[in-house]
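Okay, thanks everyone, I'll keep this short. Let me put the structure up, and then we'll go through the cysteines and the strands.

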Amino acid sequence: MTDRDVFEYALLRVVPRVERGECFNAGVVVYCRARSYVAARTHLDPAKLGVLDPAADIAGVRAALRAVEGVCLGGADAGQAAGDDAGRRFRWLIAPRSTVVQPGPVHTGLTADPEAEVERLLELLVR
């Protein structure tokens, strides 16, 4: 039997017009405490974005999604969160906010490979 660890994840939703509440999934953030692992993978579908808001700032939404990936990486790309551990960066990213890119609820699971889990969830729930 393979050792599996608990992980948490949240979907990243794009809400182009916050007042309307319409959204679609554009990424996933995965955190595994036992492995001090946090990562995000994103995929923006410009056609979906255009359906919900033809005037949406595609480059701005892409930049916001890349920023989430940067916070997960830590280091200089994480900005003020650069010195925080993986858990603190995850908790900061999943905090509720009223912006174009918003985290969804947190879910849990078991995994032997958090890196593979990020890719699996991206394919299953985003693409």
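So, disulfides: how many does the structure hold? The count is 0. Keep in mind that this is a predicted model.

Why no bond for Cys23? Its sulfur sits 20 Å from the closest cysteine sulfur, the one in Cys72, and that's too far for a bond. To count as a disulfide, the two sulfur atoms would have to be within 2.5 Å.

Then there's Cys32, and Cys72 turns up again: the closest cysteine sulfur to Cys32 is in Cys72, at 13 Å, so that's too far for a bond as well.

Now, buried or exposed, what about Cys32? Cys32 is buried, with a relative accessible area of 0%. Cys23, on the other hand, is partly exposed, at 39% relative accessible area.

Okay, on to the strands. Cys32 falls in β2, which covers residues 24-32. And which strand does β2 pair with over 7 bridges? That's β1, and the pairing is antiparallel. If you want a residue pair to click on, take Glu8: its bridge partner in β2 is Tyr31.

β1 itself covers residues 5-14, and it's mostly covered, with 8 of its 10 residues buried.

β1 also pairs with β4, residues 101-111. There we've got 9 bridges, and those two strands run antiparallel too. One pair to look at there is Tyr9, whose bridge partner in β4 is His107.

So, to recap: β1 is joined to β4 by 9 bridges and to β2 by 7, and the disulfide count is 0. That's it from me.

How values were computed: Residues are numbered from 1 along each chain as its sequence is written. This is a predicted model: local features need pLDDT of at least 70, side-chain atom pairs count only at pLDDT 80 or more; totals for chains, interfaces and linings use all residues. Side-chain values use heavy atoms; hydrogens and water are left out. Buried means under 20% relative accessible area, exposed over 50%, partly exposed in between (1.4 Å probe, protein chains only). Helices (H or I, at least four residues) and strands (E, at least two) are DSSP runs, numbered from the N terminus. Two strands pair if DSSP finds at least two bridges between them.
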